[in-house]
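This briefing introduces one protein model to a reader who has not met it before. Please keep the sequence and the structure in view while reading.

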Amino acid sequence: MKKRLPTVLVIDDEVRSQEALRRTLDEDFEVFTASSAEEALAILEREWIQIVLTDQRMPGTSGVALLRQVRERWPDAVRIIISGYTDAEDIIAGVNEAGIYQYLLKPWQPEQLLLTLRGAAELSRLQAENQRLAVDLKASAPVLAARVGRHQDQLARRYALERLVRAPDSPMNALCAMVERLAALDIPVLLTGESGTGKELLARALHYDSPRAEQAFVVQNCGALPDQLLESELFGHKRGAFTGAFEDRVGLFKQADGGTMLLDEIGETSAAFQVKLLRTLQEGEIRPLGSSRTQAVDVRVVAATNRDLEAEVRAGRFREDLYYRLAAFTLHVPPLRERPMDIPLIAQRLADDIGASLGRQFAPLSAELIGCLTAWRWPGNVRELRNEVLRMAALADGDTLSPAHLSPRVLRAAEGEQETALALIDGLAGDLKTRLEALEARIIKECLIRQRWNKTRAARELGLSRVGLRAKLARYGLEGRTERTSPTRTD
């Protein structure tokens, strides 16, 4: 029997917008359309609708008002607003009055819209599964308990450190060993590193390998919301605490009680919010907005950022006392360009996973393709690498991923690899020993310049001890140049 597509109801008073949304969603969803709240309610009366996607500003009934009615009469429908306006009161009213799942802004991007609605469809499926499990609970609590246990075991296996793809000589090995040691210690951990390096995966590994593994793991991106909404999201609020707060809301800290909270992009928070977060971490309690009473919480906090928080502290943009509360232990996740030995393994895992999601099986990656991948510096890290593998999978005619389908910028890097290597040795003269020494000096100098003459970081990148690096600097006459060029070194 053919599997039924998830149903979505699109409400927009502009017919052209309806049609654009229908064309985007038609392959993955069964789409119903309406031009007004009245038409939408009539469709909801006769059809089983899983997702309601409505424009906010329409003649007559607004999107929030419509979704408030949908929430009262069809509470299982996942509710989404799409609007060209970013009025904060509209957003707050949508969250609190209509219980919306997402607030999307125009002009929308097809990929983002599809990603959001697929997430909504999955949420609808999980809600139905939850209702079914509630029935099972009444019939057989042990059966449900076993299912929950199996689900927890699956999560623990999925986010175990062993699942992190890395080569035997990868710098990630020392990092994972440290994560394994810290998991059992109930202390705050700060994860630093560029976007897309896998900080959230390490945070999950910290949680699922800890004594808190059976409790909740909650994630909040601190840079995604303004202060008031972020406070409401983390600490909760009481009805009437602010405009649009029509009901009590349990904050994420309370939901994570006994478990772990990942505060992602912590460096994006304001000074005012940092004060409130510091109090929560110091006292182990929260105060919902509009409440006069505090609530005790027991949460292990893991923070993540792509900023240099020490520099932010020196610049006065981040509170020093909060920094030391969050950074009881700091782990730096290296970017993909500093661990090229991992690229072939990660790319192969991504190809296998993407192939499985598409119902296809791709052949092992060729040496030519691996050469192209390792030649690029991957500023977007693993997230960018995944996009490239997905691009090749989408364009592949058979079961082989071809370098020809890589993005032009990645191909240009691969084509320029030979010219770069020749440029590196250009101008060297003398016998082989002399040329090798000159080349080594050039590499060390280039590394020092890139690391702003920080010898500790340069030695780590080159695989040398600090003593070994100093010896080479003295040998090649670079020590004095380092002193003159870098009066503000931090090594």
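In the sheet of the model, T7 has the bridge partner E30 in β2. This is a predicted model, in which local features need pLDDT of at least 70 and side-chain atom pairs count only at pLDDT 80 or more, while totals for chains, interfaces and linings use all residues. Residues are numbered from 1 along each chain as its sequence is written, and side-chain values use heavy atoms, with hydrogens and water left out.

**Overall make-up**

- The protein chain contains 22 helices and 14 strands; these are DSSP runs (helices H or I, at least four residues; strands E, at least two), numbered from the N terminus.
- Of the 491 residues in the protein chain, 41% are buried, meaning under 20% relative accessible area with a 1.4 Å probe, protein chains only.
- Among contacts (heavy atoms within 4.5 Å) with a separation of 6 or more, 66% are between residues 24 or more positions apart.
- The protein chain exposes about 26,500 Å², and carbon and sulfur atoms supply 51% of this area, computed by the Shrake-Rupley method with a 1.4 Å probe.

**The sheet containing β1**

- An open sheet of 5 strands follows the order β2-β1-β3-β4-β5 with parallel pairing; two strands pair if DSSP finds at least two bridges between them.
- Its edge strands, each pairing on one side only, are β2 (30–34) and β5 (102–105).
- From one strand to the next, the twist averages 20°.
- Strand β1 (residues 7–11) runs parallel to β2 and is joined to β2 by 5 bridges.
- Helix α1 (residues 15–25) packs on the sheet and touches β1, β2 and β3 (51–55), with its direction at about 175° to that of β2; axes are lines fitted to C-alpha atoms, for helices over the stretch in contact, and angles run from 0 to 180 degrees between N-to-C directions.
- Helix α3 (residues 63–73) also packs on the sheet, touching β1, β3 and β4 (78–83), and its direction makes about 175° with that of β4.

**The sheet containing β6**

- Another 5 strands form an open sheet in the order β7-β10-β13-β6-β14, again with parallel pairing.
- Here the edge strands are β7 (217–221) and β14 (329–332), each of which pairs on one side only.
- Strands β6 and β13 run parallel and are joined by 4 bridges, and T192 stands opposite T305 in β13.
- Helix α8 (residues 199–208) lies across β6, β7, β10 and β13, running at about 155° to β7.

**Nonpolar cores**

- The largest nonpolar core has 27 residues, and those with the most contacts inside it include L234, F253 and F318; such a core is a set of buried Ala, Val, Leu, Ile, Met, Phe, Trp, Tyr and Cys residues joined through side-chain atoms within 4.5 Å.
- Elements giving two or more residues to this core include α9 (227–235), β10 (260–264) and α11 (271–283).
- Not counting residues up to four places away in sequence, F318 touches residues including I266, Q274, L309 and Y323.
- Apart from this core lies another, of 23 residues, among them I343, A351, M392 and V410.

**Confidence**

- The mean pLDDT (the predictor's confidence in each residue, from 0 to 100) of the protein chain is 84, and 86% of its residues reach 70 or more.
- Confidence is highest in strand β6 (residues 189–192), at 96, and lowest in helix α22 (residues 479–485), at a mean of 48.
- Over residues 418–422 pLDDT stays under 50, and the model has 0 contacts for them beyond four places in sequence.
- Where pLDDT is low, the predicted coordinates should not be read in detail.

How values were computed: Buried means under 20% relative accessible area, exposed over 50%, partly exposed in between (1.4 Å probe, protein chains only).
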